Amino acid sequence: PKTPKPRLFETQRFIFHSYLMLFNLIELMINSLTYWLTVKFLLWAILVSFDNCDFVLTLSNSAFTCSNTGANIIIMTATDASGNISTCTSTVTVLDTIAPILSTQPATLYLDSMGNASLVDADVVLSIGEACLDTVIISTRDFVCDSIGARTVEVIARDQSGNDDTATAIVTILDTIVPDAVCQDITVYLNAFGGIKIDSSFIENGSWDNCKINTITLSQDTFS
């Protein structure tokens with residue numbers, strides 16, 4: 001029969017393998033921890049400015065207005081207590097996505113001596129809530145004699161980024177200039193029946209109005 005091996009040897013072998021497994025586990029944990037810390041440090045170094053001493057960050061521009069819409073190149077400067085300086089640049093894109101708020105009001109225009117009237121922004125724009133206003137567009141600005149009466153115009157308020165608001169306004173066109181009737185003296189002769197009839201062409205002598213004269217009437221057109 002085989003001689004059994006001493007139990008002491010089996011125990012020593014078990015302890016040896018146990019230590020070996022423990023060592024491998026510790027080594028794996030150390031390697032994993034080192035990798036994680038390395039990745040974390042690299043990410044931190046990329047995302048966060050760093051110095052071995054305290055430092056101050058300044059920006060070439062930190063306030064933006066309507067004139068800054070679009071891409072802006074900003075310089076960031078890091079300065080430590082010893083005067084060491086490092087800079088980097090960043091593109092800051094400023095967007096305006098807020099549309100104007102337009103309020104309109106009715107307007108009344110009067111035709112001038114040439115039969116024309118023009119509309120300006122202040123006539124129909126009551127208020128515009130917009131810091132970056134670029135332009136006001138009105139569908140019709142010029143009116144003539146044929147425009148007399150109430151007209152609806154469209155008003156658009158548009159900012160520098162193309163955001164807009166639209167509203168309508170009623171514009172009433174009035175003609176308050178009276179015609180100028182110009183007459184001339186004439187002599188007429190009775191016909192064989194002892195009478196004569198005339199019309200406005202006999203005595204009209206350049207009557208005028210800023211718009212077309214509609215009718216001309218005579219106080220008397222028949223004589224006998």
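The legends below accompany an overview and several close-up views of a predicted model.

**Figure 1. The whole protein at a glance, with 2 helices and 13 strands.** Let us start with the full chain before zooming in. Of the 224 residues in the protein, 19% are buried. The accessible surface comes to about 16700 Å², and carbon and sulfur atoms account for 59% of that area. Looking at contacts between residues at least 6 apart in sequence, 49% join residues at least 24 apart.

**Figure 2. A hairpin made by β2 and β3.** Here strand β2 covers residues 70–80 and strand β3 covers residues 85–94. The two strands pair in the antiparallel sense, over 10 bridges. To find your way along the ladder, look for Met 76, whose bridge partner in β3 is Cys 88. Between the strands lie 4 residues. In that turn, Gly 83 has a positive phi of about 85°.

**Figure 3. An open sheet of 4 strands with mixed pairing.** Reading across the sheet, you meet the strands in the order β5-β11-β10-β8. Which strands sit at the edges? They are β5 (107–110) and β8 (133–138), each of which pairs on one side only. On average, neighbouring strands of this sheet are turned by 30° against each other, with direction ignored.

**Figure 4. A closer look at β5 beside β11, paired in the parallel sense.** As a reminder, strands of a sheet pair through backbone hydrogen bonds, either parallel or antiparallel. For β5 and β11, the pairing runs over 4 bridges. A handy landmark is Leu 109, which has Ile 173 as its bridge partner in β11.

**Figure 5. Ser 147, in the loop between β9 and β10.** The flanking strands span residues 142–143 (β9) and 149–159 (β10). Is Ser 147 buried or exposed? Its relative accessibility is 12%, below the 20% cut-off, so Ser 147 counts as buried. Asp 175 makes a useful second marker for this view: Ser 147 and Asp 175 are 28 residues apart in sequence, and their C-alpha atoms are 9.9 Å apart in space.

**Figure 6. A nonpolar patch on the surface, formed by Ile 186, Val 188 and Phe 202.** Together, these three residues offer about 210 Å² of accessible area. Ile 186 belongs to the loop that links β11 (164–174) and β12 (196–197). Why does Ile 186 count as partly exposed? Its relative accessibility is 35%, and partly exposed residues are those between the 20% limit for buried and the 50% limit for exposed.

Note on methods
Residues numbered from 1 in each chain as written. Predicted model: local features only at pLDDT ≥ 70, side-chain atom pairs only at ≥ 80, totals over all residues. Heavy atoms only, no water. Patch = residues over 30% accessible without salt bridge, like charges linked within 9 Å, V, L, I, M, F, W, Y side chains within 5 Å. Areas by Shrake-Rupley, 256 points an atom, 1.4 Å probe, with all protein chains shown as cover. Salt bridge = Lys/Arg side-chain N within 4 Å of Asp/Glu carboxyl O. Buried < 20%, exposed > 50% of the residue type's maximum accessible area, 1.4 Å probe, protein only. Pairing = 2+ DSSP bridges. Axes fitted to C-alpha atoms, helices over the stretch in contact; angles between N-to-C directions. Contact = heavy atoms within 4.5 Å.
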